[in-house]
Amino acid sequence: MTSTRQAPATTQAEAHVQAPAYSYPMPSYLKPRFRVEIEDRRCIRCQCCVEQCSFGALFFDQRRNEVGTVEQNCVACHRCVVFCPTQAISVLRHPVEYRENAHWRPEVIEDITRQAETGGVLLTGMGSDKGWTCYWDKLCLNASQVTNPSIDPLREPMELRTYLGSKPDRVELDPKSGGLRTRLAPQVMVETPILFSAMSYGAVSINVHEALARAAAMTGTLFNTGEGGLHPKLYSYGKNTIVQVASGRFGVHPEYLDVASIIEIKIGQGAKPGIGGHLPGEKVSDDVAFTRMIPSGTDALSPAPQHDIYSIEDLSQLIHALKEATNYTKPVSVKIAAVHNSAAIASGIARAGADIIALDGIRGSTGAAPKIIRDNLGIPIEMAIASADERLRKEGIRQRVSLIAAGGFRNSADVIKAIALGADAVYIGTAALIALGCTECQACYTGRCAWGLTTTDEKLTKRQNPDIAAQRLANLLEGWSHEMKEMLGAMGINALESLRGNRLHLRSVGLTQQEADVLGVLQAGA
Amino acid sequence: MKRVYPAEEFCVACRLCEVYCATEHSQSRDVIRAFKEEQPPPTKRIFLQQEGAASLAINCRHCDEPRCVWACVAGALTKDPVTGVVNYQPEKCIGCWTCLVACPYGVIVRDPNRPKIAKCDLCPGRDVPVCVAVCPNRALVLS
């Protein structure tokens, strides 16, 4: 059986047949993207798949005693595939073919069709899927051979510990006591240079927030609250928390700033540079509203700019206001999207008094953004981090700030290459969600995430058990950290600090001279 | 004694506990064969309760004061004084359904294939009952 036929229309006589929810009330010109096939030989009619599908793509047809499908609703989240106890379900690309056309690709045709039907801005979730050049894949790492010994990280100490915060221009010692005379700016130590990226409560569920907080505590790193405030029940994880102050100022109050380790001013985000966050009212539950300090059920719209920041001088005022508010005990970070002038902007941010600059590249993700913005605005993080590091070095102010890179980090090699390019640490968001079941189906903006990640629905939120989720996240960070130690050992380095900004450990393959120059790396073999 | 406790806040209503409970008590102990080939079909001993967003799975509580044991007229239900498990001996059962009426949780059911009952036996021979082992979200806890 291939249950691909349309759902039967519900009539009075067929009231016992559960009516499926269609995406569109009127016939749509959109073709289904996926085909759900249920192998009759294996299906035991337990209806687990029907219960798990939160997009209305599956229903149980009691009259026929079989699972029916509404394929245009399937987003390929694979929840049903994973949960089926008999592996009876396959989600396949829908076989409807268009005539080949390199310019008018199926996605382009579908976007136009969807807009013709809705007249709106096309929304999407997650990071750009447009295949921007991934420079991580074109950079090779060095390894020690003969003339310098490699190190076995299982036998010798290997350090990934990283201190985030502004470093002094020079160090003065007291000649009598031998102690440090220089006053250090506040520093935050992380055991591994991988932090969890800003994902707000509201965009993700409270259980995901708790899992991120607990995983950060387990692995000695930090999680970022995003712009939606911090639920009071997570205040105990304050030492592992970066709190965000964004243009909407949601959930910002003295205690919120006090519990955190780092305060981050969000200017922009890689997935949607230049526009603010948009949390639809449906996702603003009572608890989200309480945490954000807004009325329940109202849209939480962040203004595109911070309305009190129209210049570096304005930014400096906010940085110092936040430092003053927390008695100069915490580093203040400024997060911007990687854009054409981000190196110069980074220089301005450093001079404005920030301790940390976070750069988020074009592959950065989001819970909801206009598709056209996500796929076209910003620049790749590799270029941004290399040029910002270079610029700050040339100006002699690199030590004043820590650089955090974000936007599409897929594995430990991406992380270590970013550090060799000059980053102090990286943010991971998408990878963390994938660790919790995300399949990059890009339906986050609907609030119907079947994995209970990007939703505030009471029933769907239950799908993430923080006990399990925190362990999965911690496992991911531990795995990556071990791999980074292996790579460092192979390079003959025993501390990540020695690799930071050390681009001689990178070589490029297949890049133009200009690209290699911006990245500051030599051609392989050169 | 150890019991299977449901964690309502993490139950995702997938019913995998029911599927594997029935499989564990089938002849073949193979999911597909048990459900598609076996006659009589397997019977589950754990029951998902669901209303709106709330759901949880309940099985025999192995009560300290077991009403089913008191009610049983045939001596088929006994409370093990050492382990605390409420054991069922089908060969003694006469199918009078008194225990079904006596059970305050409704977790004893008629075996549809014979004049006997079916109830949770905590999966003898296993470290943890199969429902606890397969629950994908740790919504069933043995403690």
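This tour moves from chain B as a whole to one hairpin in chain A. The model is predicted.

**Chain B as a whole**

Begin by selecting chain B and displaying it as a cartoon. Five helices and eight strands can be found there. Followed along the sequence, these elements occur in the order β-α-α-β-β-α-β-β-α-β-β-α-β. The radius of gyration of chain B is 15 Å, close to the 15 Å that the globule rule gives for 143 residues, so the chain is as compact as a globular protein of that length. Reduce the display to the C-alpha trace, and its extent along the principal axes is about 40 × 35 × 30 Å.

Next, show all atoms of chain B. Of its 143 residues, 46% are buried. Among contacts with a separation of 6 or more, 53% join residues 24 or more positions apart.

Then switch to a surface view of chain B. About 7300 Å² is exposed, and 51% of this comes from carbon and sulfur atoms. Colour the charges as well: the 18 positive and 15 negative ones have mean positions 3 Å apart.

**A hairpin in chain A**

Now select residues 58-61 of chain A, which form strand S2. Is each face of this strand covered or uncovered? Both faces are covered: Leu58(A) and Phe60(A) lie on one side, Phe59(A) and Asp61(A) on the other, and all four are buried.

Add residues 66-69 of chain A, strand S3, which pairs with S2(A) in the antiparallel sense over four bridges. Within this pair, Phe60(A) stands opposite Val67(A).

Finally, select the connection between S2(A) and S3(A). Four residues separate the two strands of the hairpin, and Asn65(A) adopts a positive phi near 50°.

Notes: Residues are numbered from 1 along each chain as its sequence is written. Chains are lettered from A and ligands numbered from 1 in the order in which they are written. This is a predicted model: local features need pLDDT of at least 70, side-chain atom pairs count only at pLDDT 80 or more; totals for chains, interfaces and linings use all residues. Side-chain values use heavy atoms; hydrogens and water are left out. The radius of gyration is taken over C-alpha atoms; the globule rule is 2.2 Å times the number of residues to the power 0.38. Buried means under 20% relative accessible area, exposed over 50%, partly exposed in between (1.4 Å probe, protein chains only). Contact means heavy atoms within 4.5 Å. Accessible areas come from the Shrake-Rupley method with a 1.4 Å probe; for residues, only the protein chains shown count as cover. Lys and Arg count as positive and Asp and Glu as negative; His and the chain ends are not counted. The place of a charge is taken as NZ of Lys, CZ of Arg, CG of Asp or CD of Glu. Two strands pair if DSSP finds at least two bridges between them.
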